[in-house]
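User: I'm new to this one and would like a quick tour. Could we go through it in questions and answers?

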Amino acid sequence: MKKYFEVLTACPLFADIAEADIQALLRCLSAAQKRYDKNSFIWGEGDTAESIGIVLAGAVHVLREDFWGRRHILTRVEAGGLFGEAFAYAGAEKLPVSVMAAEETVIVFVNGRRIVTSCSSACTFHAGLIKNLTLILARRNMMLTQKLEHITQPTTREKLLSYLSAQARIAGSSAFDIPFNREELADYLSVERSAMSAELSKMRRAGLMRYRKNHFELLR
């Protein structure tokens, strides 16, 4: 765990909590570290939801699968981010989503229920943890609202423009990298991959952008 302590201190769950106190908190929250290979499932739909996962290295995709097994990426969580917080906070008995390692990934799991209940060994930290968790949930809601804005656009081109414009704003530059490959981006935007690739080619020929792999530059 010491190897990833810098990542933990940057995690929003531990914001404004002294570094010296985080170790005590991890013990209180029954922290357990695990490693996953790329494309391996961390949680499957229907699993119990008692823990919160913090990504120490790598990245995970939170997925929703339909009846026929088609996957849709709801969000990507990279090092320093966390997942499962809404379900642990709400006391959900079963997960409505799956979580998969997007690459070789290391995760530390903490007991989510202990964050929101009294504990004699860490009661002084609970108010801060609950405040941080509430802020994380609010930000997650904003991210999902933004995704809804992308995927409800009427055409593949408008979905791409909505998403790429948002990424440019986040980067503060017309040139930026996105966290998805082509297949993942198509899943995230709920479009067919070949149609999306064809639309990207049309947009490049029209002078709207340049791109190579996951690096994009928007042109005026």
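User: Which residues of helix 7 do Lys 159, Leu 160 and Tyr 163 in helix 6 meet?

Analyst: This is a predicted model, where local features need pLDDT of at least 70, side-chain atom pairs count only at pLDDT 80 or more, and totals for chains, interfaces and linings use all residues. Residues are numbered from 1 along each chain as its sequence is written, and side-chain values use heavy atoms, with hydrogens and water left out. Contact means heavy atoms within 4.5 Å. On the helix 7 side, the partners are Leu 185, Tyr 188 and Leu 189.

User: How many residues of that contact of helix 6 with helix 7 are nonpolar, polar and charged?

Analyst: Ala, Val, Leu, Ile, Met, Phe, Trp, Tyr, Cys and Pro count as nonpolar, Asp, Glu, Lys and Arg as charged, and the others, Gly among them, as polar. Sorted that way, the contact has five nonpolar, no polar and one charged.

User: At what angle do the axes of helix 6 and helix 7 cross?

Analyst: Axes are lines fitted to C-alpha atoms, for helices over the stretch in contact, and angles run from 0 to 180 degrees between N-to-C directions. Helix 6 covers residues 156-171, and its axis comes within 11 Å of that of helix 7. The crossing makes the two helices roughly perpendicular (a label for 65 to 115 degrees; under 35 is roughly parallel, over 145 roughly antiparallel, the rest oblique). The angle is roughly 105°.

User: Which strands does helix 7 lie across?

Analyst: Helices (H or I, at least four residues) and strands (E, at least two) are DSSP runs, numbered from the N terminus. Helix 7 spans residues 182-189 and runs at about 110° to one of the strands, strand 5. The strands it lies across are strand 4 and strand 5.

User: What is the order of the open sheet with strand 4 and strand 5 in it?

Analyst: Two strands pair if DSSP finds at least two bridges between them. Here four strands pair in the antiparallel sense, with strand 2 (41-43) and strand 5 (71-78) at the edges. Inside, strand 4 and strand 7 share four bridges. The order is 2-7-4-5.

User: Is Lys 94 buried or exposed?

Analyst: Lys 94 sits in the loop between helix 3 (85-90) and strand 7. Buried means under 20% relative accessible area, exposed over 50%, partly exposed in between (1.4 Å probe, protein chains only). Lys 94 has 61%, so the label is exposed.
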